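Please look at the sequence and the structure below side by side, and keep both in view while you read. The paragraphs that follow go from the whole protein to its helices, and then to a few single residues.

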Amino acid sequence: MCRPHAIALLLVACDAARVFHAHNASRIVHNVTLSIAFTTDLHGEIAPLKHAHALVEALPHPKLLVDAGDAFIGTEYFRKAGPAGMGRVMRAMGYSALAVGNHDLERADELANFSKEARAPLVSTNLCRQFEAVRCSRVARAHGVAVGLVGYTDATAVGPLATWSKNMDPCDAAGPLGDAVLAEAASLRRRADVVIAIGHCGYRFDADLFRRAAAERARRGRTVDAVVGGHTHLIRSSNGRDYGEAPVVAQAGVSGSHLGILELDLAARDPSTGLEVAAARSRNVPLRVKDNRGSDMQRFVDAELKAHAAPPAKPWRTVLDRGDDGACRERECAVANLVADAMARKGACASGASRAPVVALFEAGSARASIETGPFGRAGATAVLPWANTYEVLRFPSAGALESVIAFGAASRAPAGLGGGFLHASSNARIFLDAAGRAR
């Protein structure tokens with residue numbers, strides 16, 4: 001018997017002195033700390049922003065709040081409120097700029113309205129020539145400090161590589177996209193004291209971009225001072241310590257798990273060059289989902305959630321042991337294996353009387369939330385797999401053809417390491433990798 005719970009699982013980002021603009025030699029200040037607060041990969045999650053708002057409010061000036069992309073797709077709230085709802089909440093938060101994530105492109109026709117509702121510009125160097133709603137960069141003011149914000153995006157969601165224009169380059173910090181970001185950052189220097197890259201290409205790209213900016217400083221001049229990014233759902237900071245010689249790169253988890261705070265100590269060492277970063281550090285603050293301090297932001301978010309709440313529904317099952325999706329980005333994980341088994345069960349149901357074996361393949365990076373203990377139903381399944389409610393069945397002429405496809409998919413994704421997203425198979429199949437990571 002094909003039970004609903006198996007099918008439903010397939011619901012497939014110290015004001016030490018008064019600050020002035022440093023390019024005017026008569027208005028230079030020394031020793032000011034700029035705070036960049038940021039979120040990433042919210043995926044429609046707004047409840048933690050109540051706590052995030054209080055944390056941002058408590059930061060000393062100068063400060064800015066930015067988001068590193070993927071505000072869309074992932075919760076019951078987003079299913080009902082859509083990009084306009086996320087825009088309303090982000091306007092209340094006071095974001096200065098928003099990066100564009102790959103899942104934001106799934107609702108690309110609503111980007112302009114989203115930006116308008118949020119009252120914050122969208123920035124992406126490799127999308128700004130394709131979408132009128134997206135800028136390459138912007139300069140924001142934080143109590144007199146001019147902050148350049150340049151963005152970039154994993155644009156694979158717009159379609160196959162062959163259909164991309166020359167302005168929509170893939171995520172390669174050593175390639176054309178890295179060139180474009182650094183060139184845009186260099187152009188911002190005429191108007192900005194400091195330049196921050198906010199992007200959605202993953203941690204490896206972010207670190208490589210920073211290293212490239214440092215290595216090419218003699219040729220290009222100052223470009224990117226720091227990077228806050230998303231896409232890989234990692235929690236990365238310097239834990240409040242000075243970065244020293246390490247890349248100044250930070251990420252803040254997924255679904256509002258953390259608020260990232262990057263602190264840059266700025267000093268005017270040379271009146272001709274303006275402010276420079278003397279030291280940098282970052283930290284990630286875990287966010288509480290329940291924040292009932294009675295603030296205006298808390299009341300606003302609660303009202304949004306109530307207005308767009310899903311009707312009460314009976315849970316499908318009770319979960320006894322928590323399934324952590326965080327492991328899915330680093331190694332084989334129980335959540336992805338469970339989804340693959342549910343897919344295989346659904347496939348067997350769809351096959352009817354067919355005796356052909358059904359093997360389900362699932363890329364673990366598609367698992368977007370943990371499975372929490374307690375009642376589990378549609379809302380939980382939507383959080384785990386916030387994608388379109390579709391299911392694809394591929395038929396192969398032979399077992400050898402199927403094995404070739406599986407081997408190619410497994411070899412395309414490393415079986416462990418940052419980013420993850422490697423292939424999982426249902427329990428009626430096994431993928432074996434040799435020492436070189438090749439499937440066999």
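Before any helix is named, it helps to know that helices here are DSSP runs of at least four residues in state H or I, that strands are runs of at least two in state E, and that they are numbered from the N terminus. The model you are looking at is a predicted one. With that in hand, the residue R212 can be placed in helix α6, which covers residues 203–215, and we shall return to its surroundings further on.

Taken as a whole, the secondary structure of the protein amounts to eleven helices and 17 strands. The protein has 440 residues, of which 52% count as buried, where buried means a relative accessible area under 20%. Its accessible surface comes to about 20000 Å², and carbon and sulfur atoms account for 52% of that surface.

A good way into the fold is to follow how some of the helices pack, and helix α8 (residues 296–307) is a useful place to begin. Helix α2, which runs over residues 49–58, packs with α8 at an angle of about 160°, and their axes lie 9 Å apart. Because angles over 145 degrees count as roughly antiparallel, α2 is described as roughly antiparallel to α8. The crossing of these two helices is right-handed. On the side of α2 the residues that take part are L49, K50 and H53, and they meet M297, Q298, V301 and D302 in α8. Sorted by class, this contact of α2 with α8 contains three nonpolar, two polar and two charged residues.

Helix α8 also packs with helix α3 (residues 76–93), and here the axes come within 10 Å and cross at roughly 165°. This angle makes α3 roughly antiparallel to α8. The crossing of α3 and α8 is right-handed. From α3, the residues Y77, G85, R88, V89, A92 and M93 meet M297, F300, V301, E304 and L305 of α8. By class, the contact of α3 with α8 has eight nonpolar residues, one polar residue and two charged residues. If you compare the residue lists, you will find M297 and V301 of α8 both in the contact with α2 and in the contact with α3.

From α3 the path leads on to helix α4, which covers residues 111–118; the axes of α3 and α4 come within 7 Å and cross at roughly 25°. Since angles under 35 degrees count as roughly parallel, α3 and α4 are roughly parallel to each other. Their crossing is right-handed. In this pair, P83, A84, M86, G87, R88, M90 and R91 of α3 are in contact with N113, F114, E117 and A118 of α4. The classes in the contact of α3 with α4 are six nonpolar, two polar and three charged residues.

We can now go back to single residues, and to R212 in helix α6. Is R212 buried or exposed? With a relative accessibility of 14%, R212 counts as buried, because the limit for a buried residue is under 20%. Apart from neighbours within four places in sequence, R212 is in contact with A173, A174, G175, G178, D179, L182 and R220. Another buried residue is L177, whose relative accessible area is 1%, and L177 has its place in helix α5 (residues 176–188). Although L177 and Y152 are 25 residues apart in sequence, their C-alpha atoms are 8.0 Å apart in space.

The last stops are in loops, where some details of the backbone deserve a careful look. The peptide bond from H61 to P62 is cis, with an omega near 0°, and P62 is found in the loop between α2 and β2 (63–67). In the loop between β2 and α3 lies I73, a residue other than glycine that nevertheless has a positive phi, near 70°. At 9% relative accessibility, I73 counts as buried. What is the phi of H231, which is not a glycine either? The phi of H231 is positive, at about 95°. H231 lies in the loop between β9 (226–229) and β10 (235–236), and with a relative accessible area of 15% H231 is buried.

Methods:
Residues numbered from 1 in each chain as written. Predicted model: local features only at pLDDT ≥ 70, side-chain atom pairs only at ≥ 80, totals over all residues. Heavy atoms only, no water. Buried < 20%, exposed > 50% of the residue type's maximum accessible area, 1.4 Å probe, protein only. Contact = heavy atoms within 4.5 Å. Areas by Shrake-Rupley, 256 points an atom, 1.4 Å probe, with all protein chains shown as cover. Axes fitted to C-alpha atoms, helices over the stretch in contact; angles between N-to-C directions. Parallel < 35°, antiparallel > 145°, perpendicular 65-115°, else oblique. Left-handed = near helix turned anticlockwise from the far one by under 90°. Nonpolar A, V, L, I, M, F, W, Y, C, P; charged D, E, K, R; others polar.
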